[in-house]
Amino acid sequence: MHDLLTDEQKMILDITRQIVDQRIIPVRAELDETKEFPWEIIKEIGKSDLFRLFISEEYEGMGTGIFEVCLATEELSRGDLSVATTYAASGLGLIPINIAGNDEQKKKYLPQLASGEKLAAFGLTEAEAGSDAASIRTTAKKDGDHYILNGTKQWITNGGEADIYTIFAMTSPGKGARGASALIVEKGTPGFEFGKQEDKLGIRASATKELIFTDCRIPKENLLGKEGMGFIIAMKTFNESRPVVGAQALGVAQGALEEALEYSKVREQFGVPISSFQGIQHMLADMATNVEAARALIYHTAKVIDSGARDASRLSAMSKLFASDMAMKVTVDAVQILGGYGYMKEYPVEKMMRDVKITQIYEGTNQIQKNIIALDMIKRGVL
Ligand SMILES: Cc1cc2nc3c(=O)[nH]c(=O)nc-3n(C[C@H](O)[C@H](O)[C@H](O)COP(=O)(O)OP(=O)(O)OC[C@H]3O[C@@H](n4cnc5c(N)ncnc54)[C@H](O)[C@@H]3O)c2cc1C
């Protein structure tokens, strides 16, 4: 499918591939072991202008679209999902500014994020509010020219490492989803602290932290859109970001498939390469078919979003759902093809299997994606 890309898109892919092959693959096992945040690689990604893909030319971006973001994310994920998650989560943190920011906010924050000099993060989830995001308890109380933020956000990707946070908080508690607002919060603001770094099954080098707000004063200029628009901004953001989660899953699955294919050609049992067994061939054929089907769905969804379609929520949810379930199965099958070696840390497939599980969970679990798809279909028909 990459044959259909434009020259610019091929260039984006080539640049990303170089970073993956030269800078990421050689250190990914070590990053997984040490859980060290991959700052050096992130700086390299910044120098290669890949963060600019999220941002329009007016604010020092490349003016491309979600399609190009998906291409870069897929390739980064082929190398390492911790790195790709860090990259994509900065995009997730800045998409609300793209969607609802005014010119002043965009001028102030987007150029620093475009260069990769600073990272963004997206703070919605709380201990008691995961899938039911409308039940968040963090409050932002208006006090003159400021909002006073109180509450704790949980499991925030890029927490502690990012400088710019999009935080969702209740400006009108008791009003449910219509009482939530989105605010830009800078690291270093008094009353804004970080909790512990989480110890995780996968994406272990990605930062996942609590954000703790205690009487944290945020200038009212940092409100995104209007009061009460927070939930709409969050949902519009997910419509753009979920194909990117799909691209993360797709890239990991691609990497696992490549590993399994290569291994099957060199591993001999019963005097022949295991790739000569039809049982293995059929597994590889199913894996490749599903990878390609996910790629088609994600690329199509990204093109629909970039065309300016009013509502791509169903396709976005389908992309994340299909690609992450596919990638979970493909990585499990890759471990199976490598047999006992697949279970060992000297091969990358066990890490890919651990890493990719998160794509079925974050930015809305796959059960929530099914709810979105079904409700949209009930409302608008099959299309
Ligand atoms: C590593 C990591 C990074 C993350 N990064 C971020 C981040 O950067 N920013 C952020 O805001 N959040 C982040 N999250 C939070 C993530 O988005 C939530 O974990 C996710 O939305 C699910 O919420 P929950 O874990 O509370 O699960 P719960 O909502 O408690 O769900 C538990 C189970 O119940 C199911 N379930 C719940 N409701 C329904 C329903 N209506 N129908 C059917 N099944 C249902 C779920 O699918 C799941 O299987 C991150 C999480 C992790 C683990």
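## Close-up views of a predicted model

Helix 5 is the biggest contributor to the lining of the second largest cavity, giving 4 residues. Keep in mind as you look around that this is a predicted model.

**View 1. The second largest cavity, with a volume of about 40 Å³.** Eight names are worth finding here: Phe 54, Ala 88, Gly 91, Leu 92, Ile 95, Ser 241, Val 244 and Glu 363 form the lining. Helix 5 and helix 7 (residues 230–266) each provide at least two of the lining residues. Sorted by class, this lining has 5 nonpolar, 2 polar and 1 charged residues.

**View 2. The largest cavity, with about 50 Å³ of space.** The structure holds 2 cavities of 30 Å³ or more. Around the largest one you will find Arg 28, Ser 77, Arg 78, Gly 79, Asp 80, Leu 81, Val 252, Pro 348, Lys 351, Met 352 and Asp 355. Two elements, helix 4 and helix 11 (349–356), give two or more residues to this lining. Its residues divide into 4 nonpolar, 2 polar and 5 charged.

**View 3. The buried side of helix 3 (residues 39–47).** Here you can pick out Ile 41, Ile 42, Ile 45 and Gly 46, which are buried. These residues lie on the same side of helix 3 because they cover an arc of only 145° around the axis. A general point helps in reading this view: an α-helix has 3.6 residues a turn, so residues three or four places apart point the same way. The buried residues of helix 3 have several packing partners, namely helix 1 (7–24), helix 2 (28–34), helix 4 (66–79) and helix 5 (81–100).

**View 4. The other side of helix 3, and what follows it.** Turn your attention to Glu 40 and Lys 47, which are exposed on this other side. Following helix 3 comes Asp 49, and its phi is positive, near 70°.

**View 5. Two buried cysteines, Cys 70 and Cys 216.** Are these residues buried or exposed? Cys 70 has 0% relative accessibility, so it counts as buried. Cys 216 is buried too, because its relative accessible area is 0%, and buried means under 20%. If you are wondering how many disulfides the structure holds, the number is 0. As a reminder, a disulfide is a covalent bond between the sulfur atoms of two cysteines.

Definitions and conventions. Residues are numbered from 1 along each chain as its sequence is written. This is a predicted model: local features need pLDDT of at least 70, side-chain atom pairs count only at pLDDT 80 or more; totals for chains, interfaces and linings use all residues. Side-chain values use heavy atoms; hydrogens and water are left out. Buried means under 20% relative accessible area, exposed over 50%, partly exposed in between (1.4 Å probe, protein chains only). The arc is that of the directions from the helix axis to the C-beta atoms. Contact means heavy atoms within 4.5 Å. On a 1 Å grid over the protein atoms alone, a cavity is a set of points where a 1.4 Å probe fits but cannot get out, and a pocket is an open set with protein on both sides within 12 Å along at least five of seven lines; lining residues have an atom within 4 Å of a point. Grid points are joined across faces, edges and corners, and a volume is the space filled by probe spheres set on the points. Ala, Val, Leu, Ile, Met, Phe, Trp, Tyr, Cys and Pro count as nonpolar, Asp, Glu, Lys and Arg as charged, and the others, Gly among them, as polar. A disulfide is a pair of cysteine sulfur atoms within 2.5 Å.
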